[in-house]
Amino acid sequence: MKRDRMTSNPRPRRQESAVKPKKALGQHFLADESVAERIAATLDPWRGLPVLEVGPGMGVLTKYLIARDHDVKVAEIDGESIEYLRYNFPDLHGRILDADFLKLDLAALYPGGQKFCVIGNYPYNISSQIFFHILDYKDQVTVCSGMLQREVAERLAAPEGTKARGILSVLLQAWYDVKYLFTVDENVFNPPPKVKSGVIIMTRNDVTSLGCDEKLFKTVVKTTFGQRRKTIRNSVRGLFPAGVPLPDSPLLAMRPEQLSVAQFIELTLLLSTTRQ
């Protein structure tokens, strides 16, 4: 069944009771409204831009976005949550998207290259996929903030030289300034997760082009972190035709977590030239 339509049922079914969290959807509903208000406040400097909230659940974050006069749409895959939102948030009439965020065409939702913001209490089990999807619309997503598993949040913001640094660290930081804001304890959720959460914000930087083959850049990042215990020289050897010698560069003696975005771009240009 197609799950990308706007829901605008004028007579929603009565849904006043709390929505039951569903393990299969990775749902952990935030119960501390002060945390929700802090997350909503991260978008205050961008009040003029429309906002897409991912996985609103029972709307604990949504209501603070509405209170701050944001032009809000919400994307929710859980039917019970959708009915709850329809009944309890009449201001969202026509703005509830019955959809899997990972399958949404955001350019069609915000046509003409319109800029917008993304926010959410992101499901832990698909949080990395969510940020890969956002990267596909980097020219439109001006700012993205929200909460996810602390380990993942720290990874997204990790600078070079740290063990937490990974594929998404580099790919996101090539286009966004990523900042870890604060940690959230387990006991403010229903049900409590087994890990702490972290809130981040990523703001689009002024980069319009990496100045290298972006497809090769992604390949280099994914290949090197896929073999992160190896030096760059050993991990990228498979990217070269048999018999082609690798270039002589100090970058090849390093490991991927040591490289900055600029160094990954330099490495990509080096490999591109050598492979020709």
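What percentage of the 276 residues in the chain do buried residues make up? In this predicted model, buried residues account for 50% of the 276 residues.

**Figure 1. Overview of the predicted chain.** The secondary structure consists of 10 helices and 10 strands. Among the contacts in the chain with a separation of 6 or more, 70% are made by residues 24 or more positions apart. The accessible surface of the chain amounts to about 13,300 Å², and carbon and sulfur atoms contribute 49% of that surface.

**Figure 2. Close-up of the buried residues of helix H1.** Helix H1 spans residues 33-41, and Val35, Ala36, Ile39 and Ala40 are buried within this helix. These residues lie on the same side of H1, because they cover an arc of only 140 degrees around the axis.

**Figure 3. Close-up of the elements that pack against helix H1.** The buried residues of H1 pack against one helix-to-helix partner, H2 (62-67). They also pack against strands S2 (29-30), S6 (116-121), S7 (141-149), S8 (176-184) and S10 (197-204).

**Figure 4. Close-up of Asp78 in the loop between strand S4 and helix H3.** Strand S4 covers residues 72-76 and helix H3 covers residues 79-88, with Asp78 situated in the loop between them. Asp78 counts as buried because its relative accessibility is 6%, whereas the cut-off for a buried residue is under 20%.

**Figure 5. Close-up of the side chains of Asp78 and Ser81.** A polar contact of 2.8 Å links the side chain of Asp78 to that of Ser81.

Note on methods:
Residues are numbered from 1 along each chain as its sequence is written. This is a predicted model: local features need pLDDT of at least 70, side-chain atom pairs count only at pLDDT 80 or more; totals for chains, interfaces and linings use all residues. Side-chain values use heavy atoms; hydrogens and water are left out. Buried means under 20% relative accessible area, exposed over 50%, partly exposed in between (1.4 Å probe, protein chains only). Helices (H or I, at least four residues) and strands (E, at least two) are DSSP runs, numbered from the N terminus. The arc is that of the directions from the helix axis to the C-beta atoms. Contact means heavy atoms within 4.5 Å. A polar contact is a pair of N or O atoms within 3.5 Å; within protein, one must be able to donate a hydrogen and the other to accept it, and residues adjacent in sequence count only if both atoms are side-chain atoms. Accessible areas come from the Shrake-Rupley method with a 1.4 Å probe; for residues, only the protein chains shown count as cover.
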